[in-house]
Amino acid sequence: MAITFYEKNRLFKLDTPNASYLFAVGEGNYLLHVYYGAYFPDTAIAPMVFRSDYASFSPDAAGAPEAHFSLDVSMAEVSGNGVGDYRLSTVVLRYPDGTDATDLRYVSHRILPGKPALEALPHIYLQSEEDADTLEITMQDPATGVKFLLYYTVFRNLDVMVRSLRVVNDTDKTVWIEKAHSLCCDFPENNFDLIHLYGKWAKERSVQRLPLMQGIQSAASKRGASSHFHNPFLCLARKETGEENGECFGFNLIYSGNFSADAEADGYGGTRVSVGINPVDFGWQLLPGDSFQAPECVMVYSAEGLGAMSRTFHRLYRKHLIRGAWQYRKRPLLLNSWEGCYFRFDEEKILQLAKDAKELGMEMLVLDDGWFGHRDDDTTSLGDWFVNEKKLKGGLAPLVKKINDLGLQFGIWFEPEMISPDSELYRAHPDWCVQIRGREKSLGRNQYVIDMTRADVRDNLFMQMKQVLDSCPIAYVKWDFNRNLTEPASLALPPERQKEFFHRFILGTYELQERLLQEYPDLLLENCAGGGGRFDAGMLYYSPQIWCSDNTDPIERLSIQFGTSLCYPPSSMGAHVSTSRRTGYDTKAAVALWGTFGYELDTAELSDEEKEIVKQQVAFYHQTYDTIHNGDLYRLIAPEDNGFTCAWNFVSEDKKSALLTVVIMRRREFQTLIVRLRGLQADALYRCSATGQTYTGAFLMGAGINFSDSDMNSDGKSAVLYFEQID
Ligand code: GLA
């Protein structure tokens with residue numbers, strides 16, 4: 001059992017293979033955090049001190065006047081509001097009398113085998129009840145009777161805990177939730193580095209690592225999507241922690257809407273992490289008998305650096321978040337029409353792409369934007385999900401038949417959450433778009449956002465998509481989302497529920513994606529949001545892959561893919577070879593191989609020589625697929641490490657194969673470049689498929705491979721080496 005409760009000192013101990021997490025029911029039934037860090041066995045439990053240094057400015061905890069302790073200086077498992085803990089609140093309620101003090105006291109707990117199901121929200125699931133146990137703690141506000149359930153799912157074979165919070169109003173009065181974060185995690189020290197992922201369009205998820213400073217640091221979004229700018233991921237690392245050494249604590253919210261991931265270093269030397277739905281622009285009316293479930297937040301512990309933390313996230317997401325038919329099925333190698341054609345195509349052009357794709361060994365043709373309504377540019381037709389017969393005469397079915405007859409599958413692009421002012425749908429239902437009555441609506445990429453909070457809107461979208469998907473065999477859908485929200489309100493919500501809009505919006509999106517997957521269980525979904533504007537764990541629950549970025553330049557992609565991999569598995573990163581500038585096709589493929597791999601170019605522009613190169617790449621993709629998609633990633637040299645090289649290797653789960661990639665971002669004269677692999681079996685013998693040379697794992701990890709030769713000494717050069725174990 002991964003969860004132990006010690007009756008005598010009312011202490012909970014939660015154990016994963018390498019981590020222990022302790023907290024206790026203290027005086028006044030406050031839930032006090034005790035410890036999170038390296039695992040220690042139960043026998044080592046000595047009386048453990050809660051941080052309780054006391055200052056005259058710190059109020060006594062109301063429920064324990066004699067105990068002489070203050071919430072102000074104690075570590076907490078959950079924090080209310082206005083009752084003496086002045087750091088980040090986990091949950092804040094407003095009551096009918098207008099006040100918002102929120103006090104949470106322990107009432108009871110249950111230890112459950114496995115993990116209870118979560119409705120309406122993406123979540124971690126178990127393969128078997130043996131994978132994890134769950135602790136459910138019931139807390140209550142003594143003044144109002146509102147209950148709070150805290151959940152801790154503790155994995156037995158991974159250093160993972162999954163936490164969430166549920167507010168249950170079983171009182172007879174309506175209350176309003178002003179903040180409901182998913183977790184509070186306190187540390188008794190604050191000499192950490194804070195790592196988070198920031199960016200913008202075409203530069204998503206760059207890594208930033210800075211010393212944690214006094215006060216609150218926050219990565220957040222209020223754009224209606226997790227966004228290009230910040231990601232719902234945060235990591236606290238010890239100063240000495242590097243890629244392969246040292247302690248770090250990773251937090252990732254399974255959510256695609258507005259979030260905040262906050263870290264607060266306080267004056268007493270402690271740190272609090274609080275992650276959840278962004279309380280800005282959020283509120284929730286909770287009627288008597290109602291409850292509210294906050295999204296899940298994953299916590300990963302690593303004592304062996306950031307690399308091990310990432311690999312734990314990757315394994316967890318591959319096995320316990322991504323689901324459905326495509327979880328382990330080999331994904332088709334696709335050619336996407338976007339960068340090759342943009343809006344300029346007709347049936348003939350698409351068929352030519354398909355023929356070339358087939359000849360080059362690809363498996364699917366994806367028709368991107370521009371196939372519907374009368375869309376010839378980005379000013380029209382979103383919402384009119386029927387074929388643009390001016391471009392595709394006779395509709396989709398005959399085209400898809402011809403493509404299928406070639407032996408290729410077919411995929412298509414939708415942007416369901418959007419509506420163009422120039423569309424039949426908008427003319428018929430102007431009230432269906434997100435707006436505030438009496439206020440001018442802001443356009444973004446010439447489009448409005450459709451009101452996903454409404455069931456009638458979702459039904460309409462579902463029926464329109466169904467008509468397309470039933471009209472011919474469609475194996476793949478790319479689901480895009482190309483602008484952020486403004487004038488955030490629904491004409492269908494009453495005033496007292498308008499603050500629920502953002503959360504209801506993303507719940508609506510989740511519901512429609514779920515409905516699609518239920519109807520078409522074999523459909524491969526790829527999420528996308530103007531590139532990687534919604535690359536998060538919430539989306540991974542519905543689609544095993546997400547388009548990583550509209551930036552397909554292989555050199556620029558390096559920092560995007562490195563950053564994304566801090567938390568998300570390479571098998572989930574949409575990555576294509578395109579006609580983007582700078583390097584040869586070899587390096588474009590070397591970088592795209594890190595992710596799902598595919599092509600996004602006009603095949604008519606490829607020379608015969610380039611076509612031969614593509615054919616070889618396709619064969620190489622098949623050879624290395626399993627090592628990349630189901631293996632472990634080792635980041636060897638990050639783009640920011642030395643400014644001129646980047647290197648990484650994959651190792652298959654059974655360590656029988658490995659793939660090493662080295663990219664020269666910028667040429668350096670007379671620079672020694674030795675790259676040492678990681679994660680191999682030291683005493684095994686590996687053969688390099690390109691050279692036939694054999695090496696022991698120990699040699700490859702110790703001495704490494706020398707890339708200092710002149711062949712590698714120019715901008716954009718790369719080397720990709722595949723190793724297989726020999727007996
Ligand atoms: C977004 C996507 C692209 C492409 C275009 C189409 O920018 O990220 O891949 O689908 O939309 O308009």
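A cavity, in the sense used here, is a set of grid points where a 1.4 Å probe fits but cannot get out. With that in mind, a look through this predicted model turns up five cavities of 30 Å³ or more. The largest of them has a volume of about 130 Å³. Its lining is made up of 17 residues, and those nearest the centre are Y30, L71, V78, S79 and G80. Sorted by class, the lining of this largest cavity comes out as 10 nonpolar, four polar and three charged residues.

Then there are the pockets, which are open rather than sealed off. The largest pocket has a volume of about 360 Å³. A set of 15 residues lines the largest pocket, with D586, A590, S718, A719 and V720 lying nearest its centre. Three elements each give two or more residues to this lining, namely α10 (585-592), α11 (608-629) and β39 (718-726). Of these, α11 supplies the largest share, at four residues. As for the make-up of the lining of the largest pocket, eight residues are nonpolar, three are polar and four are charged.

Next comes the ligand. There are 13 residues around the ligand, and the ones that come nearest are D368, D369, K478, G531 and D550. Split by class, this shell holds six charged, four nonpolar and three polar residues. Several of the side chains can be paired with ligand oxygens. For D550, an N or O atom of the side chain sits 2.5 Å from an oxygen atom of the ligand. The side chain of D368 has an N or O atom 2.6 Å from a ligand oxygen, and for the side chain of K478 the corresponding distance is 2.7 Å. On its own, the ligand has 300 Å² of accessible area, and the protein covers 96% of that.

One of the residues just named, D369, also turns up in a salt bridge. Side chains of opposite charge can pair when their charged atoms come close. The structure holds 45 salt bridges, and in one of them the side chain of D369 meets that of R445, at 3.9 Å from N to O. R445 is found in the loop between α5 (424-428) and β25 (448-449), while D369 is in the loop between β22 (364-367) and α4 (396-405), so this pair ties together parts that are 76 residues apart in sequence. D369 therefore appears twice in this account: among the residues that come nearest the ligand, and as the partner of R445 in the salt bridge that ties those two loops together.

Methods: Residues numbered from 1 in each chain as written. Predicted model: local features only at pLDDT ≥ 70, side-chain atom pairs only at ≥ 80, totals over all residues. Heavy atoms only, no water. Near = heavy atom within 4 Å. Polar contact = N/O pair within 3.5 Å; in protein donor to acceptor, adjacent residues only side chain to side chain. Areas by Shrake-Rupley, 256 points an atom, 1.4 Å probe, with all protein chains shown as cover. Nonpolar A, V, L, I, M, F, W, Y, C, P; charged D, E, K, R; others polar. 1 Å grid on protein atoms, 1.4 Å probe; cavity = no way out; pocket = protein on both sides within 12 Å on 5 of 7 lines; lining within 4 Å. Points joined across faces, edges and corners; volume = space filled by probe spheres on them. Salt bridge = Lys/Arg side-chain N within 4 Å of Asp/Glu carboxyl O.
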